[in-house]
Amino acid sequence: MPQTILTLSTRGQGLYEFTHQAEAFVRASGREEGLLTVFVRHTSCSLLIQENADPDVRTDLLAFFRRLVPPASDPDMGWVVHRAEGPDDMPAHIKAALTQVSIGIPVADGRLMLGTWQGLYLFEHRDRPHRREIVLHLSN
């Protein structure tokens, strides 16, 4: 079964689309049908399928998650114990726990069965740049 690891470089918190890389992997496999499993190998980022037409959607999602889970330096986060890796680390773990680290996408006719305005995103929750590994696995 075809499998690869994508490495994405992030520049800090944000949504990084990698739909085209996933589509290219499926095309190169030559498979017409199957299930693409997408898995991120980290605990402080996650995966999303989200609208890729209007960038305001990504802006609003980031603002929502910043309000929902502020940095550990925020007075409302005084209860946070894990602070060894900076004020963005434990909030990043919380955001990853609220979202997902694995997604399954059906493949038919050699294509991802995403909707018209759907894109596949790495959701980076840390402030500084990181290199993130995403496993793509295509099964029958």
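Below is a short conversation about how some labels in this predicted model are earned.

User: What makes phenylalanine 64 and phenylalanine 65 an aromatic pair that is edge-to-face?

Analyst: Happy to take that one. Their ring centres lie 5.3 Å apart, and rings pair if the centres are within 6.5 Å. The planes make 85°, and planes over 60 degrees apart count as edge-to-face, so both parts of the label hold.

User: Why is the pair of phenylalanine 65 and phenylalanine 123 called edge-to-face?

Analyst: The centres of these two rings are 5.2 Å apart with the planes at 85°. Set against the limits of 6.5 Å and 60 degrees, the pair is therefore edge-to-face. Phenylalanine 65 belongs to helix α2 and phenylalanine 123 to strand β7, so this pair ties together parts that are 58 residues apart in sequence. A search of the whole structure finds two aromatic pairs, and Phe64, Phe65 and Phe123 form one aromatic cluster.

User: Why is phenylalanine 65 called buried?

Analyst: Its relative accessible area is 10%. Buried means under 20%, so phenylalanine 65 qualifies. Phenylalanine 123 is buried too.

User: What makes phenylalanine 64 partly exposed?

Analyst: The relative accessible area of phenylalanine 64 is 46%. Exposed requires over 50% and buried under 20%, so phenylalanine 64 falls in between and is partly exposed.

User: Why do β2 and β4 count as edge strands?

Analyst: The sheet in question is open, with three strands in the order β2-β7-β4 and antiparallel pairing. β2 (14-17) and β4 (45-51) each have a single partner strand, so one side of each has no neighbour in the sheet. From one strand to the next, the twist averages 35°. Helix α2 (residues 55-68) packs on this sheet and touches β2, β4 and β7. The direction of helix α2 makes about 140° with that of β4.

User: How do you know that β4 and β7 are paired?

Analyst: There are seven bridges between β4 and strand β7 (residues 118-124). Pairing asks for at least two, so these strands pass. Their sense is antiparallel, and glutamate 51 stands opposite glutamine 118 in β7.

User: What joins β3 to β5?

Analyst: Six bridges join strand β3 (residues 34-40) to strand β5 (residues 102-108). Since two bridges are enough, this also counts as pairing. Leucine 36 stands opposite isoleucine 105 in β5. Both strands sit in an open antiparallel sheet of five, ordered β1-β8-β3-β5-β6. β1 (3-9) and β6 (111-112) are the edge strands there, each pairing on one side only.

User: Which residues have the most contacts inside the largest nonpolar core?

Analyst: They are Phe18, Leu36, Val38, Leu122, Ile134 and Leu136, in a core of 22 residues. The elements giving two or more residues to this core are β1, α1, β3, β4, β5, β7 and β8. A second, separate core of seven residues includes Leu48, Leu61, Leu62 and Tyr121.

User: Why is arginine 83 called partly exposed?

Analyst: With a relative accessible area of 38%, arginine 83 is above the 20% limit for buried and below the 50% limit for exposed, so it is partly exposed. Arginine 83 is found in the loop between α2 and α3 (89-98).

User: What makes the approach of arginine 83 to methionine 77 a polar contact?

Analyst: A polar atom of the arginine 83 side chain lies 3.1 Å from the backbone oxygen of methionine 77. The limit is 3.5 Å, so the distance fits a polar contact. Leaving out residues up to four places away in sequence, arginine 83 touches Ala72, Ser73, Met77 and Gly78.

Key. Residues numbered from 1 in each chain as written. Predicted model: local features only at pLDDT ≥ 70, side-chain atom pairs only at ≥ 80, totals over all residues. Heavy atoms only, no water. Helix = DSSP H or I, 4+ residues; strand = E, 2+ residues; numbered from the N terminus. Axes fitted to C-alpha atoms, helices over the stretch in contact; angles between N-to-C directions. Contact = heavy atoms within 4.5 Å. Phe/Tyr/Trp six-rings, centres within 6.5 Å; stacked < 30°, edge-to-face > 60°. Buried < 20%, exposed > 50% of the residue type's maximum accessible area, 1.4 Å probe, protein only. Core = buried A, V, L, I, M, F, W, Y, C linked by side-chain atoms within 4.5 Å. Polar contact = N/O pair within 3.5 Å; in protein donor to acceptor, adjacent residues only side chain to side chain.
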